[in-house]
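Student: I should like to work through a protein model step by step. Could we begin with a single residue and then turn to pairs of residues?

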Amino acid sequence: MHPTPASIRLGFDRGTLLLTGLGRDAGAPPPAGVSWVWDDRASAWRGDALHYAAAREALRDRFGVRFFDDVPEPKAVVWPRVDLPPLRPAQRDAVAAWRAAGGRGQVIMPTGTGKTEVALAIMAASAVSTLVVAPVRDLMYQWHRRILRGLGYDAGVIGDSRFNVRPVSVATYDSAYLHMGELGALFGLVVFDEAHHLPGRSRREAALCCAAPKRLALTATPERSDGLHADLDRLVGPVVYRQSLPEAAGAVLADYDVIRIPVALREEEQAVYDEAARDVRAFLAARRALEKDYGWEDLCADAGRDPAARRALRAFRLKQSIEDRAAEKLRVLEDLFRLHVGERTLVFAGSNAMAIDVSRRFLLPTILSHTRKRERLAVLEGFSSGRFPALVANQVLDEGVDVPAAKVAIVIGGQASTRQAKQRLGRILRKTGGARATLYEVVTEDSRDEERSRRRRRSDAYERTRHRRV
């Protein structure tokens, strides 16, 4: 029996597509790529809102006038003014590639090459209700300022204890996935900034529960250690444009040098480090004699109930602290400050404790994860004006947030990821005249700090690393 006229309706319900009027016996509706599930409570088919555009077209082709689309049409937006800088060739190519792909896809460009300008140009031309999603509050507010300055629009804010929804809004990833069940049908375009955050187990809901037909992902470093970056093709669309850091260096970005400086532990540090290492090895050897695959996750789980595991975990943390806070790193840091006196310098630490050590030793301001918004802005303004010659951070400035022009960065600790390495390098590559940028990496020899450094340098951005002792 065929569905009766006007009986087939596609709607949006709490972050899902709801298809009524097509019985269970008729089989799963088109298109084949949508994972439709029959909902007995609603006597309807449900699918991820992500597939709205494809489902709408497939249903229209199959059922024609017997199909009704109840998902609200995205609102058109009239920008009060459009005051955007002319796009550079690479930016124009990125916009054209996204349009050619049907308004869905990933744009991968190094930090400092103007991904935000690409998105603003797309928003200006699309003139449709838009949601911009960013990983942290600082970046969310930065997008708000850029939209106001470039398009004259006072965007709504969803996040940081605020819920002001407007046809053009900005949100954090956490707020987006929490509220997308009610917001998902309000926007025609969704922009995911720093999109490598999107495939996380919870944050992906921001894409799955959103019906926006047009999607744009922006990132300099899409790869994730868990391999989930492969899901971006489904959540947003394929890679439509990619520019490598070496391609941009010297043209759009400043030329740069990466200089690696190895340091040794002092005698007393080495003695404590060796003893802690022996304790960890002895514990693991004993456990692996009983359980061959005993690993890090098992150690962390056992630490809550087993005193021996707890001692081993403390020894591991002590090792890590010695690597991160080696006294020689501070000595080398002092030499580098003297070498670059008068130049704005960013210092990237591997922990809050080391950032505070540097701050106290050299009387420098820090920006950490718990630093309040007003203090962060005051520190960045002081750094920009030259009142603070250097700025110390842990991971807060790794991505996204605009940092006043600096051409020197000193990495004294960090993770093993090539993504973090690229992001930190990108902080100093904004082109200012012919000035050359320099990144120093200060690494503790014969330790896991050295292993992390080696893994970071697998990135093509670090091909020209020079080694130097100070």
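**Reading the predicted model**

Tutor: Let us begin with Arg-162, which has a relative accessibility of 41% and therefore counts as partly exposed. Please keep in mind that this is a predicted model.

Student: In which strand is Arg-162 found, and which residues form a positive surface patch with Arg-162?

Tutor: The strand in question covers residues 162–164 and is labelled E9. Arg-162 also belongs to a positive surface patch. Its partners in that patch are Arg-145, Arg-149 and Lys-373.

Student: How many helices and strands are there in the protein chain, and what share of its residues count as buried?

Tutor: The chain contains 16 helices and 20 strands. Its C-alpha trace spans about 85 × 60 × 40 Å along the principal axes. Of its 470 residues, the share that count as buried is 56%.

Student: Of which type is the aromatic pair of Trp-38 and Trp-45?

Tutor: A search of the whole structure finds six aromatic pairs. In the pair of Trp-38 and Trp-45, the ring centres are 5.3 Å apart and the planes stand at 75°. An angle over 60 degrees is the criterion here, so the pair of Trp-38 and Trp-45 is edge-to-face.

Student: Are Trp-38 and Trp-45 buried or exposed?

Tutor: A residue is buried when its relative accessible area is under 20%. Trp-38 has a value of 18%, and Trp-45 has a value of 7%. Trp-38 is therefore buried, and Trp-45 is likewise buried.

Student: What type of pair do Phe-283 and Tyr-294 form, and where do the two residues lie?

Tutor: The ring centres of Phe-283 and Tyr-294 are 6.0 Å apart and the planes are at 70°, so the pair is edge-to-face. This pair links distant parts of the chain, its members being eleven residues apart. Both Phe-283 and Tyr-294 are buried. As to their places, Phe-283 is in helix H9 (residues 267–290), and Tyr-294 is in the loop between H9 and helix H10 (296–302).

Student: How many salt bridges does the count give, and what is the N to O distance between Arg-56 and Glu-57?

Tutor: The count comes to 29 salt bridges. In the bridge between Arg-56 and Glu-57, Arg-56 is buried at 17% relative accessible area, whereas Glu-57 is partly exposed at 35%. The N to O distance between their side chains is 3.2 Å.

Student: How many residues apart are Arg-452 and Glu-323?

Tutor: The side chains of Arg-452 and Glu-323 meet in a salt bridge of 3.1 Å, N to O. This bridge links distant parts of the chain, with Arg-452 in helix H16 (residues 448–456) and Glu-323 in helix H11 (residues 307–324). Both Arg-452 and Glu-323 are buried. Along the chain, the two are 129 residues apart.

Student: Why are Arg-338 and Glu-334 separated by about one helical turn, and is Arg-338 buried or exposed?

Tutor: Their side chains meet in a salt bridge of 2.9 Å, N to O. Because Arg-338 and Glu-334 are four residues apart in helix H12 (residues 327–339), about one helical turn separates them. Glu-334 counts as partly exposed at 23% relative accessibility. Arg-338, with a relative accessible area of 57%, is exposed.

Student: Which residues are linked with Asp-13 in a network of salt bridges?

Tutor: A salt bridge joins Lys or Arg to Asp or Glu. The network that contains Asp-13 has members of both kinds. The residues linked with Asp-13 are Arg-14, Asp-39, Arg-41 and Arg-46.

Technical notes. Residues numbered from 1 in each chain as written. Predicted model: local features only at pLDDT ≥ 70, side-chain atom pairs only at ≥ 80, totals over all residues. Heavy atoms only, no water. Patch = residues over 30% accessible without salt bridge, like charges linked within 9 Å, V, L, I, M, F, W, Y side chains within 5 Å. Areas by Shrake-Rupley, 256 points an atom, 1.4 Å probe, with all protein chains shown as cover. Salt bridge = Lys/Arg side-chain N within 4 Å of Asp/Glu carboxyl O. Lys, Arg positive; Asp, Glu negative; His and termini not counted. Charge placed at Lys NZ, Arg CZ, Asp CG, Glu CD. Buried < 20%, exposed > 50% of the residue type's maximum accessible area, 1.4 Å probe, protein only. Phe/Tyr/Trp six-rings, centres within 6.5 Å; stacked < 30°, edge-to-face > 60°.
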